[in-house]
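User: Got a minute to walk me through this fold? Let's look at it together.

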Amino acid sequence: MRKSLTRRERLRGQAALKRVFGSRKKADCPGARLFFVENGLSFNRIVISPVRKFGGAVGRNRARRVGRDVYRNMKSELRPGFDLAFILFPGDYSHGDRISQFSMLLKKAGILQRE
């Protein structure tokens, strides 16, 4: 499986985003939240969104970049067929902290294959 995040793996479009954010399926941990819904496809689609009060553009963009990197490294360990929306909250979280947050969220959601 390729580690890159391809164009079709990005969750786009207002209808798709409303469907995921309107879903009652979610998992929480300190610093992040995950909304998820099955998509009926053979691959996962994601969106990573910092909250509005996250800070400046540089901080929001860095949080997204780190989140995409964490997801890219974990995606081979995930069950396919889900739309995932990661919400990131401000805080002094390192790359390692985001890895543990994403692992915890995906484990709570039952999407992570490894235990």
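**The sheet**

Analyst: Sure, and keep in mind that this is a predicted model. There's an open sheet built from four strands, ordered β1-β2-β4-β3, with mixed pairing.

User: Which strands sit at the edges?

Analyst: β1 (26-29) and β3 (45-50), each of which pairs on one side only. From one strand to the next, the twist averages 15°.

User: How many bridges hold β1 and β2 together, and in what sense do they pair?

Analyst: They pair in the antiparallel sense, over four bridges, with β2 covering residues 32-38. A27, for instance, has L34 in β2 as its bridge partner.

User: OK, helices. What does α2 touch on the sheet?

Analyst: Helix α2 (residues 57-74) packs on the sheet and touches β3 and β4 (82-88). The direction of α2 makes about 150° with that of β3.

User: And what's the span of α2 against the expected value?

Analyst: From first C-alpha to last, its 18 residues reach 26 Å, close to the 26 Å expected at 1.5 Å a residue.

User: Which residues of α2 are buried?

Analyst: A63, V66, G67, V70, Y71 and M74. They lie on the same side of α2, because the arc they cover around the axis is only 135°. On the other side of α2, V58 and R62 are exposed.

User: What do those buried residues of α2 pack against?

Analyst: β3, β4 and α3.

User: Since α3 came up, where is G96, and is it buried, exposed or partly exposed?

Analyst: G96 lies in helix α3, which runs over residues 95-109. G96 counts as partly exposed because its relative accessibility is 41%. The C-alpha atoms of G96 and V66 are 9.9 Å apart, with the two residues 30 apart along the chain.

User: Switching to the hydrophobic side of things: how many residues are in the largest nonpolar core?

Analyst: That core has 25 residues, and L34, L84, F86, L106 and I111 have the most contacts inside it. β1, β2, β3, α2, β4 and α3 each supply at least two of its residues. α2 gives the most, with five.

User: What does F86 touch?

Analyst: Leaving out residues up to four places away in sequence, F86 touches R33, L34, V47, I48, S49, Y71, F102, L105 and L106.

User: And what other core lies apart from the largest one?

Analyst: Another core, of eight residues, lies apart from it, and L11, F35, V37 and I87 are among them.

Terms used. Residues are numbered from 1 along each chain as its sequence is written. This is a predicted model: local features need pLDDT of at least 70, side-chain atom pairs count only at pLDDT 80 or more; totals for chains, interfaces and linings use all residues. Side-chain values use heavy atoms; hydrogens and water are left out. Buried means under 20% relative accessible area, exposed over 50%, partly exposed in between (1.4 Å probe, protein chains only). Two strands pair if DSSP finds at least two bridges between them. Axes are lines fitted to C-alpha atoms, for helices over the stretch in contact, and angles run from 0 to 180 degrees between N-to-C directions. Contact means heavy atoms within 4.5 Å. The expected span of a helix is 1.5 Å times one less than its number of residues. The arc is that of the directions from the helix axis to the C-beta atoms. A nonpolar core is a set of buried Ala, Val, Leu, Ile, Met, Phe, Trp, Tyr and Cys residues joined through side-chain atoms within 4.5 Å.
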